[in-house]
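Student: Hey, can we go through this protein together? I'd like to poke at a few spots and see what's there.

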Amino acid sequence: MGDFMTRGPVSPTSRQPLLWLVALGFFMQTLDATIVNTALPAMARDLGESPLQMHSVIVAYSLAMAVLIPASGWLADRFGTRRVFMSAIALFVLGSVLCALSSTLPLLVGARVVQGLGGALLLPVGRLAVLRAFPRDEFIRAMSFVAIPGLVGPLIGPTLGGWMVEYASWHWIFWVNVPVGLVGLMAARRFMAAGEVLAVRGFDAVGYGLLAFGMAAVSLAVEGMAGGGARSASSLVMMIFGLASLAAYWLHALRSDAPLFVPGLFTVRTLRVGLLGNLFSRLGSSCMPFMIPLVLQVSLGYAPMQAGMMMLPTVLGSMAVKPAVTFMVRRWGYREVLVVNTCALALLIASFCLITPGQPPWLLMVQLAAFGGVNSMQFSAMNTVTLKDLDTGHASSGNSLLSMVQMLAMGMGVAAAGAVLASFQGYFGAADAQDTLHAFRATFACMGVLTLAATALFLQLPPHEPPRPHPLGPEEQS
């Protein structure tokens, strides 16, 4: 991401406001990733769409982030961190305004793409600004502070979204980003160093085009698989072109002088396994924040705010297990923990096929808390094993690659769940809430089975060995 050592740390008086600024950007990004889920049925009613077809609103945001993340470091080096960070906030605010003004689903999806492009730059560029401002021995402490809003956003997002839908309208989910973004723009101009335009290596435009097109085509093909007829046929063609583009990128990277991701990264065994494990295990788990509020409102009759509050046990369970992850990995090793935990995660996802209208709320809350805890342990162990064996020279590139895979998997997971749900809706019908509940149950079972595929990948990890200190900030272990 450029030669950051060419600039010395900024003055101590400017460091704390910088941390608050980057934390604000991270909060905006994580909040927006979760606040929309509870509002999807209300959006569908206003836009004249089926709530079961609203997954494209989430897929568009995640996919846009995945596509732009590989270019974030080069853009910051080429144009300066402050300029790119302010542009990211401006894009995010513009996308939010366009979302609030959208009157049709295609317009909303397009606006979410704009919002996702801004969100893709907020954390990577903000983290780079912190890296350049703080001495290396203070960097981990600084990023620990920045990581806190990343936990707060998902904690309040679903409930806040439900409250806004119930007592105002879903449009306010996006309008609230405007004043926050304007404050961020003024703070960035005041407290963030401009960042020298560095002598950067040439940007691999061909490789980036192949990679971006491949990711977009595969994700959109997965989303369109349930359409039937001509739509399924076009999705198959898109899938083939997408896979061919990804293969072409790999061949291009092998002979390029300055590829986006150095092929030497993939000589690290734990990185290879960790990236593939992230992709496949997140396909199942990433659909849950989309599926749970939807089934609660559409099939079980929950109010939006009530559905949002039911997501709190998931976040609380996630926080509760964090201290235990390191102990378990040290005691049993990455391979054993990830194989067993992936099986547990798959079973918990599939267990939601047992939900019924008469199920006691406390039982559902226990189920959601257990899912949150196991899911959090999965993310922490996967992300750490992916990066732990990278040397300092490859750490930044490996981290960007992991971030890209995470966002790609999130989008593909929601797209896959949406396609499976649409298929089962066609089979069971959609005459009443009971029909849609059958479709949801079958989809939960399928996504649980899909998660099991990752166990074969984690079995390829080396036998138990003590983990090394993590080379990056704690926010990457969430």
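Tutor: Sure, we'll take some helices first, then a few single residues and the cysteines. Keep in mind that this is a predicted model.

Student: Okay, at what angle do helix α3 and helix α6 pack?

Tutor: About 35 degrees, and their axes are 7 Å apart. Helix α3 covers residues 55–68, while helix α6 covers residues 105–133.

Student: And is that crossing left-handed or right-handed?

Tutor: The crossing of α3 and α6 is right-handed.

Student: Which residues meet there?

Tutor: From α3, they include V57, I58, Y61 and L68. On the α6 side, L105, V109, R112 and G116 are among them.

Student: How many of the residues in that contact are nonpolar, polar or charged?

Tutor: The contact of α3 with α6 has 14 nonpolar residues, 4 polar ones and 1 charged one.

Student: New topic: how many residues of helix α2 are buried?

Tutor: 6 of the 8, so α2, residues 40–47, is largely enclosed by the rest of the structure. The buried ones are L40, P41, A42, M43, A44 and L47.

Student: What comes just after α2?

Tutor: That's G48, and it takes a positive phi of about 70 degrees.

Student: Let's jump to T159. Where is it?

Tutor: T159 is in helix α7, which spans residues 136–167.

Student: Is T159 buried or exposed?

Tutor: T159 counts as buried because its relative accessibility is 16%, and the cut-off for buried is under 20%.

Student: So what does T159 touch?

Tutor: Leaving out residues up to four places away in sequence, T159 touches M305, G308, M309 and L312. With G308 there's also a polar detail: a polar atom of the T159 side chain lies 3.4 Å from the backbone oxygen of G308.

Student: What about N375?

Tutor: N375 sits in helix α17, residues 361–387. N375 is buried too, with a relative accessible area of 11%. Again leaving out residues up to four places away in sequence, N375 touches S285 and L345.

Student: Last thing, cysteines. How many disulfides does the structure hold?

Tutor: It holds 0 disulfides. A disulfide is a covalent bond between the sulfur atoms of two cysteines.

Student: Why is there no bond for C353?

Tutor: Because the closest cysteine sulfur, in C446, is 9.8 Å from the sulfur of C353, too far for a bond. C353 counts as partly exposed, at 26% relative accessibility.

Student: And C287, buried or exposed?

Tutor: C287 is buried, with a relative accessible area of 1%.

Notes. Residues numbered from 1 in each chain as written. Predicted model: local features only at pLDDT ≥ 70, side-chain atom pairs only at ≥ 80, totals over all residues. Heavy atoms only, no water. Axes fitted to C-alpha atoms, helices over the stretch in contact; angles between N-to-C directions. Helix = DSSP H or I, 4+ residues; strand = E, 2+ residues; numbered from the N terminus. Left-handed = near helix turned anticlockwise from the far one by under 90°. Contact = heavy atoms within 4.5 Å. Nonpolar A, V, L, I, M, F, W, Y, C, P; charged D, E, K, R; others polar. Buried < 20%, exposed > 50% of the residue type's maximum accessible area, 1.4 Å probe, protein only. Polar contact = N/O pair within 3.5 Å; in protein donor to acceptor, adjacent residues only side chain to side chain. Disulfide = S-S within 2.5 Å.
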